[in-house]
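Biologist: I have a model open on my screen and would like to learn how its labels are earned. Could you take me through the reasoning?

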Amino acid sequence: MTIDSDPTPVTLRWAVRLLWAEAAVVGLIAVWLVWADLTATRTDLLTALLVTAFAIGAAVALWALGRALLRRQAGARAPAIVLQLMLLPIGWFMIQAGLGWLGVPLMALGLGVAWLLICPPTTRALGFE
């Protein structure tokens, strides 16, 4: 039996789990967008394809950043934080559109994951201290 002398901190593990959960949700949205693109009777094809490609790219990026962070690649932290902070204006506009039930938790998720990525145990595990 071997004991890992330098285990991954709980904060980093949770940040990765939440990034992967976000990737899964965005991936499901991308699948729905592909289906909507294929079944639409009228659409602006270029716009539909760009939105779908953006969703696919976001899902892949979130998954890859989570994987890189789990491998303790410090360079993945800043892009992951930027993606989390992008949830703030998205959530704000959802609140303004009357979707506060979704916008508020989305903003809390973004702030929570960003905090997990900058808290001291994660910072030490990624070699920033």
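Modeller: Happily; this is a predicted model, and we can take a helix, some buried residues and a pocket in turn.

Biologist: How do you know that the length of helix H1 fits its number of residues?

Modeller: Helix H1 covers residues 10–39, which is 30 residues. The expected span is 1.5 Å times one less than the number of residues, and for H1 that comes to 44 Å. From first C-alpha to last, H1 reaches 43 Å, so the value is close to what is expected.

Biologist: Why is Thr11 called buried?

Modeller: Thr11, which lies in H1, has a relative accessible area of 14%. Buried means under 20%, so Thr11 counts as buried. Its neighbours, leaving out residues up to four places away in sequence, are Leu116, Cys119, Pro121 and Thr122.

Biologist: Which other residues of H1 are buried, and what do the buried residues pack against?

Modeller: Besides Thr11, the list includes Leu12, Ala15, Val16 and Leu19. The buried residues of H1 pack against H2, H3, H4, H5 and H6.

Biologist: What makes Leu116 a buried residue?

Modeller: Leu116 sits in helix H5. Its relative accessible area is 12%, and the cut-off is under 20%, so Leu116 is buried. Leaving out residues up to four places away in sequence, Leu116 touches Thr11, Trp14, Ala15, Leu18 and Thr122. The C-alpha atom of Leu116 is separated by 30 Å from that of Trp32.

Biologist: Arg77 has a charged side chain. Is Arg77 buried or exposed?

Modeller: Arg77 has 15% relative accessibility, and under 20% means buried, so Arg77 is buried. Arg77 lies in helix H3, residues 77–85. Among the residues Arg77 touches are Leu69, Leu117, Ile118 and Phe128, not counting residues up to four places away in sequence.

Biologist: How many residues line the largest pocket, and which are closest to its centre?

Modeller: The largest pocket holds about 660 Å³ of space. Its lining has 19 residues, and Val26, Ile29, Leu87, Ile90 and Leu106 are the closest to its centre. H1, H2, H4 and H5 each supply at least two residues of that lining, and H2 gives the most, with six.

Biologist: How do the lining residues of the largest pocket divide into nonpolar, polar and charged?

Modeller: They divide into 18 nonpolar, no polar and one charged. Val, Leu and Ile count as nonpolar, so Val26, Ile29, Leu87, Ile90 and Leu106, the residues closest to the centre, belong to the nonpolar group.

Key
Residues numbered from 1 in each chain as written. Predicted model: local features only at pLDDT ≥ 70, side-chain atom pairs only at ≥ 80, totals over all residues. Heavy atoms only, no water. Helix = DSSP H or I, 4+ residues; strand = E, 2+ residues; numbered from the N terminus. Buried < 20%, exposed > 50% of the residue type's maximum accessible area, 1.4 Å probe, protein only. Contact = heavy atoms within 4.5 Å. 1 Å grid on protein atoms, 1.4 Å probe; cavity = no way out; pocket = protein on both sides within 12 Å on 5 of 7 lines; lining within 4 Å. Points joined across faces, edges and corners; volume = space filled by probe spheres on them.
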